[in-house]
Amino acid sequence: MTYIFTYNLMNDKRRKKFSVRGMNVMIYFDYAATTPMSNEALKAYIEVAQKYYGNTNSLHDLGAQSEQLLEQCKGTLANLIGGEREGIYFTNGGSESNMLGIKLLLNQDNRKHIIISTAEHNSNHQITRFLELEGYKVSHIPFTRNGQIDIDFLKYEITNDTALVIVQHINGEIGTIQPINEVAEICKRHDIFLHVDCVQSFGKIDLKNISPVVDSLSVSSHKIYGPKGIGFLYTNHQPTTSLEQLILHGNTYDLPGIVSFTVAANEAIELMESEKKQLIELREAFIEQLEPIKEFITIYENKNQKQLPSIIGMAIEGIEGQWVMLECNRQGYAISTGSACDVKYNQTPNTLRALQEDEIKAKGFFRISFGRQTNMNQVKELGRFLVAMTLQYKGTVELNP
Ligand SMILES: Cc1ncc(COP(=O)(O)O)c(C=O)c1O
């Protein structure tokens, strides 16, 4: 019903574009924003929605069956991250997990200072902005040129009043992997809580050595071929306030979503090593393809292997990222100018601010991200297109200054 309504709202031109080009004809290079559901996850969703519809809080047998399934999912997900089943709290995704994790930790402490990396996802910045209004002081930590949190800066900002450090595991815009174990050691030494946003890392790198050293971590399902609107917070701290208890324990669980997410998570972790190998090959081939324009290109990445291969954050000198994205879109390639929420509000990507890149260079940023359905032909085709587009653009600029 909703779909028909939306479709009728389209004008003729837009409808024509839909039918001629069709959304599905596009080649998708925006897997860091979201992913299509896997067949297995979708099958699980349908099966559970039809067969296990009992409310997990109901006392009859249908409710008990659903509750059993819910507990199994908690156990499986906890195993996948090397944690305890009791520490898993389902949420509606990464942003809500971040909000709850941060609130939950701060509610256990009287100190009023928070340290956050500038490159965090906006969901984290929104919460800390709100907390500032409540009287918290917030320090922002930049990146080094290697795309990692500046550890010396972090140490310098710690005071006796620091309650919490917030840092992501993998950066969603340039794919750099953060030194979480080092940050955790620093936090432990100063008796500070650590919340880690693992939305871009879960299912892509092992979290088993991360979960024991953090106070909370957040995960989202739709980044790993599961349904949208599901995620979890993992923490070894008990919710303390009635609000947290209400949110974390009072909902009717979306069991089809939770089971489907668990299936997707299992699959992602099973495929992790083979996919990683393939994604490294795709990244190398893509960068090689850009050889003819290499003098114009900046790739923001970690040079010491602390890099997720599937995310390529880059800029072409003198060309706005927004323009590149629109040209790619016209050609049928779906790429991004940064994290989906920054793009929507046309903000400078947080990562570029963390890298202290000037406004003009920051405007050149765009992101290409690969996933399970990306193949070598597509990657080479996109590379060839970017080369042709750049050479044409540079030629045009010289002819018509
Ligand atoms: C690092 C990071 N954290 C949090 C989120 C938000 O997750 P969700 O879309 O599930 O709310 C995202 C999504 O882009 C992300 O990349």
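Tyrosine 225 counts as buried in this predicted model, because its relative accessibility is 8%, well within the range under 20% that the term requires. This tyrosine belongs to the loop that runs between strand S7 (216-220) and strand S8 (231-235), and its backbone is worth inspecting, since phi of tyrosine 225 is near 70 degrees, a positive value in a residue other than glycine. Glutamine 305 can be read alongside it, for phi of glutamine 305 is likewise near 70 degrees, again a positive value in a residue other than glycine. The place of glutamine 305 is also in a loop, the one between strand S9 (297-300) and strand S10 (311-316), but glutamine 305 counts as exposed, because its relative accessibility is 71%.

From these loops the reader may turn to the ligand. Which residues surround the ligand? Its shell consists of Gly93, Gly94, Ser95, Asn98, His121, Asp197, Val199, Gln200, Ser220, His222 and Lys223. Sorted by class, this shell has one nonpolar residue, eight polar residues and two charged residues. Helix H5 (residues 94-106) gives the most to the shell, contributing three residues.

Several short distances between the protein and the ligand can be followed atom by atom. At glycine 94 the backbone is involved, as one of its N or O atoms lies 2.8 Å from an oxygen atom of the ligand. At glutamine 200 it is the side chain, with a polar atom that lies 2.8 Å from an oxygen atom of the ligand. Aspartate 197 also uses its side chain, a polar atom of which lies 2.6 Å from a nitrogen atom of the ligand. The ligand taken alone exposes 400 Å², and the protein buries 86% of that area.

One member of the shell, Asn98, leads to a further residue, because a side-chain contact can be traced from it. Asparagine 98 and histidine 195 are joined through their side chains by a polar contact of 2.9 Å. Histidine 195 has its place in strand S6 (residues 193-197), and this histidine counts as buried because its relative accessibility is 0%.The charged side chains offer another route through the model, and the structure holds 13 salt bridges. In one of these, glutamate 47 pairs with lysine 51, the closest N and O atoms being 3.6 Å apart. Where do the two partners stand with respect to each other along helix H3? Glutamate 47 and lysine 51 are separated by about one helical turn, because they are four residues apart in that helix. Glutamate 47 counts as partly exposed, given its relative accessibility of 40%, while lysine 51 is exposed, with a relative accessible area of 52%.

Helix H3 (residues 39-51) is also the place of leucine 42, which counts as partly exposed because its relative accessibility is 39%. Together with Tyr45 and Ile46, Leu42 makes a nonpolar surface patch of about 250 Å².

Further along the chain, glutamate 291 and lysine 294 meet through their side chains in a salt bridge of 3.0 Å, taken from N to O. Here glutamate 291 counts as partly exposed at 45% relative accessibility, and lysine 294 is exposed, with a relative accessible area of 53%. Another salt bridge, of 3.4 Å from N to O, brings together the side chains of glutamate 301 and lysine 303. In this pair, is the glutamate buried or exposed? Glutamate 301 is buried, because its relative accessible area is 19%, a value under the 20% limit, whereas lysine 303 counts as exposed at 56% relative accessibility. Elsewhere, Glu71, Lys74 and Arg85 are joined into one network by salt bridges that share partners.

The last stop is valine 324, which lies in helix H11 (residues 321-331) and is buried, because its relative accessible area is 0%. Valine 324 and threonine 337 are 13 residues apart along the chain, and their C-alpha atoms are separated by 8.6 Å.

How values were computed: Residues are numbered from 1 along each chain as its sequence is written. This is a predicted model: local features need pLDDT of at least 70, side-chain atom pairs count only at pLDDT 80 or more; totals for chains, interfaces and linings use all residues. Side-chain values use heavy atoms; hydrogens and water are left out. Patches are made of residues with over 30% relative accessible area and no salt bridge: like charges are joined within 9 Å, nonpolar side chains (Val, Leu, Ile, Met, Phe, Trp, Tyr) within 5 Å. Accessible areas come from the Shrake-Rupley method with a 1.4 Å probe; for residues, only the protein chains shown count as cover. A salt bridge is a side-chain nitrogen of Lys or Arg within 4 Å of a carboxyl oxygen of Asp or Glu. Helices (H or I, at least four residues) and strands (E, at least two) are DSSP runs, numbered from the N terminus. Buried means under 20% relative accessible area, exposed over 50%, partly exposed in between (1.4 Å probe, protein chains only). A residue is near a molecule or strand if one of its heavy atoms lies within 4 Å of it. A polar contact is a pair of N or O atoms within 3.5 Å; within protein, one must be able to donate a hydrogen and the other to accept it, and residues adjacent in sequence count only if both atoms are side-chain atoms. Ala, Val, Leu, Ile, Met, Phe, Trp, Tyr, Cys and Pro count as nonpolar, Asp, Glu, Lys and Arg as charged, and the others, Gly among them, as polar.
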